[in-house]
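Please open the model in a viewer and keep the sequence at hand. The tour below proceeds by selections, each followed by an account of what is found there.

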Amino acid sequence: PTPVEEKDPTPDEFIDVSEEPAPIQPIEKLIQYPEVARRSGLEGSVTVQALIGKDGTVEKVEVLKADYDIFKDAAIVAMKKAKFTPARQNGTALKVWITRKIDFKLK
């Protein structure tokens, strides 16, 4: 028998979990602020959806909304570097999509 290919949930699919995925470190620490944005004093935010795998790695990232296009790639790269505690339902790790707003603020 061939193993059943587990398909990824869709971003719109509701998955009931007892434990939400949580970032192991603040995502803001993983951001590489775009140099052009830094020089021009630009701040903004990007809202992304990310598929968190059973091991807490980020498998896919989609941008839902961005104040400025210049921040999109930096937000995707930061999310892909992030590690999470996996979502759990009755102790079993599962894949889920999360939505996260990433703020780009100059210090």
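Is Lys101 buried, partly exposed or exposed? With a relative accessible area of 48%, Lys101 is partly exposed, because that class ends where exposure passes 50%. The model on display is a predicted one, and every value quoted on this tour is to be read accordingly.

**First selection: Lys101 and Asp103**

Keep Lys101 selected and add Asp103. Their side chains meet in a salt bridge, with 3.7 Å from N to O. Asp103 is partly exposed, at a relative accessible area of 33%.

**Second selection: the sheet**

Select residues 44–52, which form strand β2, together with β3 (58–66) and β7 (96–104). These make an open sheet of 3 strands in the order β3-β2-β7, and the pairing is antiparallel. β3 and β7 stand at the edges with a single partner strand each, so one side of each has no neighbour in the sheet. On average, neighbouring strands of this sheet are turned by 25° against each other, direction ignored.

Narrow the view to β2 and β7, which pair in the antiparallel sense over 9 bridges. For one of the partnerships, select Ala50 and look across to β7, where its bridge partner is Ile98.

**Third selection: helix α2**

Add residues 72–81, helix α2, which packs on the sheet and touches β2, β3 and β7. The direction of α2 makes about 150° with that of β3.

Which residues of α2 are buried? They are Ala74, Ala75, Ala78 and Met79. Seen down the axis of α2, these residues fall within an arc of 130°, and they therefore line one face of the helix. The elements they pack against are β2, β3, β4 (84–85) and β7.

**Fourth selection: the nonpolar core**

From α2, keep Met79 and add Phe84, Ile102 and Phe104. These are the residues with the most contacts inside the largest nonpolar core, which has 24 residues. At least two residues of this core come from each of β2, β3, α2 and β7. In soluble globular proteins, nonpolar side chains tend to be buried together.

Now display the surroundings of Met79. Leaving aside residues up to four places away in sequence, Met79 touches Ile27, Val48, Ala50, Val58, Val61, Phe84, Ile98, Arg100 and Ile102. The bridge partners Ala50 and Ile98 are thus met again among these contacts.

**Fifth selection: Thr47**

Return to β2 and select Thr47, which lies in that strand. Thr47 is buried, at a relative accessible area of 17%. Beyond residues up to four places away in sequence, its contacts are Glu62, Val63, Leu64, Lys65, Thr99, Arg100 and Lys101.

**Sixth selection: salt bridges**

How many salt bridges does a search of the whole structure find? The search finds 8. Side chains of opposite charge can pair when their charged atoms come close.

Select Lys95 and Asp8, whose closest N and O atoms are 2.5 Å apart in a salt bridge. This pair links distant parts of the chain: Lys95 is in the loop between β6 (92–94) and β7, whereas Asp8 is in the segment before β1 (22–23), and 87 residues separate them. Asp8 counts as partly exposed, at 24% relative accessibility. Extend the selection to Glu59 and Lys60, since Asp8, Glu59, Lys60 and Lys95 are linked in a network of salt bridges.

Next, select Glu28 and Arg100, whose side chains form a salt bridge at 3.8 Å, N to O. Here too distant parts of the chain are linked: Glu28 is in the loop between β1 and α1 (35–39) and Arg100 in strand β7, 72 residues apart. Glu28 is partly exposed at 37% relative accessibility, and Arg100 is partly exposed with a relative accessible area of 22%. Arg100 has already appeared on this tour as a contact of Met79 and of Thr47.

**Last selection: Asn90 and Thr92**

Select Asn90 in the loop between β5 (87–89) and β6. Its phi is near 55°, a positive value in a residue other than glycine. Asn90 is exposed, with a relative accessible area of 67%.

Finally, move to Thr92 in strand β6, which is partly exposed at 47% relative accessibility. Add Ser18 to the selection: the C-alpha atoms of Thr92 and Ser18 are separated by 9.6 Å, although the residues are 74 apart along the chain.

Technical notes:
Residues are numbered from 1 along each chain as its sequence is written. This is a predicted model: local features need pLDDT of at least 70, side-chain atom pairs count only at pLDDT 80 or more; totals for chains, interfaces and linings use all residues. Side-chain values use heavy atoms; hydrogens and water are left out. Two strands pair if DSSP finds at least two bridges between them. Helices (H or I, at least four residues) and strands (E, at least two) are DSSP runs, numbered from the N terminus. Axes are lines fitted to C-alpha atoms, for helices over the stretch in contact, and angles run from 0 to 180 degrees between N-to-C directions. Contact means heavy atoms within 4.5 Å. A nonpolar core is a set of buried Ala, Val, Leu, Ile, Met, Phe, Trp, Tyr and Cys residues joined through side-chain atoms within 4.5 Å. Buried means under 20% relative accessible area, exposed over 50%, partly exposed in between (1.4 Å probe, protein chains only). A salt bridge is a side-chain nitrogen of Lys or Arg within 4 Å of a carboxyl oxygen of Asp or Glu. The arc is that of the directions from the helix axis to the C-beta atoms.
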